[in-house]
Amino acid sequence: MGAAQGSATHLSGPVLVIGTGLLGTSIGLGLRGQGIDVALSDISPSTAAVARDIGAGRLLETVEEGFAPELVVVAAPPDVTAALAVQALKDWPDAVVVDIASVKGAVLADLRASGADLTRYVGTHPMAGREKSGPVAALGELFTSMPWVICASPESSPQAIKCAEALAIDLGAVVSRMSAADHDQSVALISHLPQVMSSLVASRLQDTPAQAMALAGNGLRDVTRIAASDPKLWVQILSGNAPRLVEILYGVREDLNRLISTLEDPVADGARLDMAQLISEGNTGQARIPGKHGAPPQSFVSFTVLVDDTPGQIARLLTEIGEIGVNLEDLRLEHSSGQQVGRAEISVLPSRVHSLVNELSARGWKVVQ
């Protein structure tokens with residue numbers, strides 16, 4: 001059973017997904033939405049059954065005799081990824097095997113050590129996820145417009161690489177190509193370091209009095225959002241990429257020691273300059289983060305609209321911005337503590353802010369600049 005006739009998919013199927021957690025089930029849902037036949041396998045029968053029940057595919061044990069997948073996707077935790085990939089290469093000698101583990105170098109090294117046929121293997125990593133885990137959190141659109149890194153090894157055949165890229169394309173992802181070493185170095189900085197820093201900040205909140213927590217705003221929420229991630233998964237990720245991450249943490253430690261030394265005597269000569277320089281360096285780094293649709297960062301102008309905390313108010317605000325004819329570049333919501341009002345931070349191009357503020361004010365919205 002292949003892709004639905006007339007579909008625009010690059011894979012023909014069938015595809016076997018090994019591991020039916022958040023990512024594996026999301027892959028199944030996305031491929032099934034494209035009409036591609038998907039079989040599911042998981043060490044936990046109940047987890048696989050949930051993935052099946054929400055439409056991610058059929059269970060491997062129920063497939064017809066002679067089932068031969070075009071592609072096997074290993075979507076298991078990093079500590080078992082290599083072993084499962086080795087087994088998949090043996091069990092399905094005509095299939096391309098990819099994995100989606102967030103660490104690539106260690107997996108590739110283990111595969112090489114096993115003597116597996118690396119011509120049919122490609123390491124990949126979709127840069128997508130959620131704080132929630134398990135198949136019930138899966139989304140067929142999870143990978144849409146998200147980067148999907150293809151880490152082909154020197155042994156990977158052109159056919160295997162094409163098949164791995166087809167998976168990403170069929171799921172709506174944006175293909176990026178890197179070596180395993182470059183990938184691991186990159187994610188140590190842009191993914192693993194933020195997780196560690198978020199968790200460290202959130203850990204300071206464990207014994208914070210409730211009255212202090214009531215003052216929390218979007219700044220704290222933004223910094224600690226990913227601290228809700230799965231500890232078991234992150235133990236494996238951090239362990240697998242420890243050499244790259246620890247080098248970055250050495251630099252963080254130097255900056256932190258420098259700040260502590262400055263704050264111990266904040267009125268000393270040069271102390272204020274040192275604080276300003278530290279914040280300025282952060283400004284420079286933050287400005288390098290790609291903007292909307294991955295484009296270079298742009299300077300948007302933001303203002304705040306006060307919104308009553310009643311049903312339909314946000315929808316009405318967005319509808320009216322659309323009626324005015326202004327494209328919304330970003331939206332952030334914050335609730336006022338102890339009041340039935342919210343604050344919607346609207347970001348638009350500088351050329352549109354004046355007319356939008358005037359029009360919203362004329363329509364009765366309370367605008368704060």
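**Close-up views of a predicted model**

At a relative accessibility of 36%, R316 counts as partly exposed, and this residue opens the first of several views of a structure that is a predicted model.

**View A. The salt bridge between R316 and E320, and the network around it.** The side chains of R316 and E320 meet in a salt bridge, with an N to O distance of 3.0 Å. Both residues belong to helix 12 (residues 313-324), where they are 4 residues apart and therefore separated by about one helical turn. Whereas R316 is partly exposed, E320 has a relative accessibility of 11% and counts as buried, because the cut-off for a buried residue is under 20%. The pair belongs to a network of salt bridges that links R316, E320, E323, E359 and R363. Side chains of opposite charge can pair when their charged atoms come close.

**View B. Salt bridges of R58 with E64 and of E155 with R112.** The structure holds 16 salt bridges, among them the one that R58 forms with E64, in which the closest N and O atoms are 2.9 Å apart. R58 is partly exposed at a relative accessible area of 23%, and E64 likewise counts as partly exposed, at 40% relative accessibility. In a further salt bridge the side chains of E155 and R112 meet at 2.9 Å, N to O. Since E155 lies in the loop between strand 7 and helix 5, and R112 in helix 4 (residues 105-114), this pair ties together parts that are 43 residues apart in sequence. E155 is partly exposed, with a relative accessible area of 30%, and R112 is also partly exposed, with a relative accessible area of 39%.

**View C. L118 and its surroundings.** L118 lies in the loop between helix 4 and strand 6 (121-126), and at 6% relative accessibility this leucine counts as buried. With residues up to four places away in sequence left out, L118 touches L108, L111, R112, S153, E155 and S156, a list that includes both R112 and E155, the partners of a salt bridge shown in the preceding view. L118 and S157 are 39 residues apart in sequence, and their C-alpha atoms are 8.3 Å apart in space.

**View D. The buried aspartate D99 in strand 5.** D99 is found in strand 5 (residues 96-99), and with a relative accessibility of 0% this residue counts as buried. The side chain of D99 reaches the backbone nitrogen of A101 at 2.9 Å, and a polar contact of 2.4 Å joins it to the side chain of Y121. Not counting residues up to four places away in sequence, D99 touches V74, T81, K104, V107, Y121, V122, G123 and T124.

**View E. The sheet and the pairing of strand 4 with strand 5.** An open sheet of 8 strands has the order 3-2-1-4-5-6-7-8, with mixed pairing. Strand 3 (58-59) and strand 8 (174-177) stand at the edges, each with a single partner strand, so that one side of each is left without a neighbour in the sheet. Within this order, strand 4 and strand 5 run parallel and are joined by 4 bridges, and V73 stands opposite V98 in strand 5. Strands of a sheet pair through backbone hydrogen bonds, either parallel or antiparallel.

**View F. The nonpolar cores and the contacts of I27.** The largest nonpolar core has 34 residues, and those with the most contacts inside it are L11, I27, L31, L71, V73, W148 and L167. Two or more residues are given to this core by each of strand 1 (15-18), helix 1 (22-33), strand 2 (38-41), strand 4 (71-74), strand 5, strand 7 (147-151) and helix 5 (158-170), and the largest share, 6 residues, comes from helix 5. Leaving aside neighbours within four places in sequence, I27 is in contact with V17, V73, I100, F143, W148, L167 and L171. A second, separate core of 23 residues includes A39, V63, A76 and A180. In soluble globular proteins, nonpolar side chains tend to be buried together.

**View G. Q195 in helix 6.** Q195 has its place in helix 6 (residues 180-203), and at 5% relative accessibility this glutamine counts as buried. When residues up to four places away in sequence are not counted, Q195 touches I226, A227, S229 and W234.

Terms used: Residues numbered from 1 in each chain as written. Predicted model: local features only at pLDDT ≥ 70, side-chain atom pairs only at ≥ 80, totals over all residues. Heavy atoms only, no water. Buried < 20%, exposed > 50% of the residue type's maximum accessible area, 1.4 Å probe, protein only. Polar contact = N/O pair within 3.5 Å; in protein donor to acceptor, adjacent residues only side chain to side chain. Contact = heavy atoms within 4.5 Å. Core = buried A, V, L, I, M, F, W, Y, C linked by side-chain atoms within 4.5 Å. Salt bridge = Lys/Arg side-chain N within 4 Å of Asp/Glu carboxyl O. Pairing = 2+ DSSP bridges.
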